[in-house]
Amino acid sequence: MKVPKRLQPLVDDGLVDEVLYQLMSGKEAQVFVVRCGAHVRCAKVFKEAKKRSFKQAVEYQEGRKVRNSRRARAMSKKTRYGQKEQEDAWLNAEVDALYRLAEAGVRVPEPMGFVDGVLLMELIADADGKAAPRLDDISLTPEQARDYHGRVIREIVRMLSAGLIHGDLSEFNVLVDSNGPVIIDLPQAVNAAGNNNAERMLERDVDNMRRYFGKYAPDLLVTDYGKEVWALYESGDLHPDSKLTGCFEHDTHSADVGELMSVIEAAKEEERERQERMQDEMDD
């Protein structure tokens with residue numbers, strides 16, 4: 001196919017030899033399958049910041065560290081330079097998260113480089129060498145659903161043990177190859193120790209997986225891994241091989257009604273945004 005403009009610098013530099021086809025186009029990025037020498041890989045081309053939700057970006061970026069003080073000051077202002085630095089930081093977040101999680105043993109695509117807003121990485125493929133399907137594209141038996149759910153929960157635990165939370169985990173950003181689930185799409189990865197929304201985002205990720213796999217194995221719907229995992233993390237007892245039960249003893253003390261209503265409203269807003277993302281995926 002004709003080389004897209006954003007991929008031309010990688011072709012000119014010899015990082016990509018041929019663009020084979022476009023794999024997908026979403027609200028955040030376009031993904032192309034490319035040939036790099038004897039290897040077939042993915043090239044993820046991020047779209048401009050103005051096409052993403054600034055509200056989401058602020059929520060996810062809380063707690064991220066910026067080493068350069070000048071950049072940090074610029075990012076706090078709404079200048080053109082500050083917005084560019086914020087955009088660069090957002091794009092680099094996925095690259096940093098991929099390297100960090102791959103090193104921690106989490107099943108994510110191996111990153112190969114990041115050039116001019118294009119992330120070059122491993123192509124997650126099926127047994128025939130074609131791009132692996134998303135969870136949303138396959139049907140499961142109850143046994144497969146329980147197996148995959150258990151694997152995804154273990155990946156979430158490994159991520160949190162490495163200090164990160166996906167923040168937007170759903171059936172749309174988990175691929176399935178011959179060895180099981182692989183987690184993708186991490187530009188919004190959350191710093192667990194530095195983000196006030198970390199607990200809520202972890203529980204949302206876990207709940208999304210419970211809801212999806214629960215369609216095939218209803219017994220999963222009564223599990224409560226999110227609160228169990230977070231409690232272990234808060235107490236300093238979480239590690240990659242932590243034994244989980246899926247049960248959690250909830251606090252029976254009187255709830256703060258105001259705080260509860262805030263949580264409910266936040267959950268409603270998250271669900272609205274999730275439905276919008278699903279609609280965008282369908283439209284693309």
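User: In which loop does glycine 117 lie?

Analyst: This is a predicted model. The strands to look at are β4, residues 111–115, and β5, residues 118–122. Glycine 117 lies in the loop between β4 and β5.

User: Is glycine 117 buried or exposed?

Analyst: The relative accessible area of glycine 117 is 9%. Buried means under 20% relative accessible area, so glycine 117 is buried.

User: Which residues is glycine 117 in contact with, leaving aside its neighbours within four places in sequence?

Analyst: Glycine 117 and glutamate 48 are 69 residues apart in sequence, and their C-alpha atoms are 9.3 Å apart in space. With neighbours within four places left aside, the contacts of glycine 117 are Arg6, Lys44, Val45, Phe46 and Leu91.

User: Which helix gives the largest share of the largest nonpolar core?

Analyst: The largest nonpolar core has 50 residues. Those that touch the most other members are Leu101, Leu135, Leu140, Leu160, Ile165, Leu186 and Phe213. The largest share of this core is eight residues, and it comes from helix α5 (residues 142–161).

User: Which residues does leucine 101 touch, not counting those up to four places away in sequence?

Analyst: Leucine 101 is one of the residues that touch the most other members of the largest nonpolar core. Not counting residues up to four places away in sequence, leucine 101 touches Val106, Val108, Met159, Ala162, Leu164 and Leu186.

User: Is α5 roughly parallel or roughly antiparallel to α7?

Analyst: The axes of α5 and α7 come within 11 Å and cross at roughly 25 degrees. Angles under 35 degrees count as roughly parallel, so α5 is to α7 roughly parallel.

User: How many residues in the contact of α5 with α7 are nonpolar, polar and charged?

Analyst: From α5 the contact takes His149, Ile153, Val157 and Leu160. From α7 it takes Tyr225, Val229, Trp230 and Tyr233. By class, this contact of α5 with α7 has seven nonpolar, one polar and no charged residues.

User: Why is α6 described as oblique to α7?

Analyst: The axes of helix α6 (residues 198–214) and helix α7 (residues 225–234) come within 8 Å and cross at roughly 140 degrees. Roughly antiparallel would need an angle over 145 degrees. That crossing angle therefore makes α6 to α7 oblique.

User: How do the residues of the contact of α6 with α7 divide into nonpolar, polar and charged?

Analyst: The α6 side consists of Ala198, Glu199, Leu202, Glu203 and Val206. The α7 side consists of Tyr225, Gly226, Lys227, Val229 and Trp230. The residues of this contact divide into six nonpolar, one polar and three charged.

Technical notes. Residues are numbered from 1 along each chain as its sequence is written. This is a predicted model: local features need pLDDT of at least 70, side-chain atom pairs count only at pLDDT 80 or more; totals for chains, interfaces and linings use all residues. Side-chain values use heavy atoms; hydrogens and water are left out. Axes are lines fitted to C-alpha atoms, for helices over the stretch in contact, and angles run from 0 to 180 degrees between N-to-C directions. Helices (H or I, at least four residues) and strands (E, at least two) are DSSP runs, numbered from the N terminus. Angles under 35 degrees count as roughly parallel, over 145 as roughly antiparallel, 65 to 115 as roughly perpendicular and the rest as oblique. Contact means heavy atoms within 4.5 Å. Ala, Val, Leu, Ile, Met, Phe, Trp, Tyr, Cys and Pro count as nonpolar, Asp, Glu, Lys and Arg as charged, and the others, Gly among them, as polar. A nonpolar core is a set of buried Ala, Val, Leu, Ile, Met, Phe, Trp, Tyr and Cys residues joined through side-chain atoms within 4.5 Å. Buried means under 20% relative accessible area, exposed over 50%, partly exposed in between (1.4 Å probe, protein chains only).
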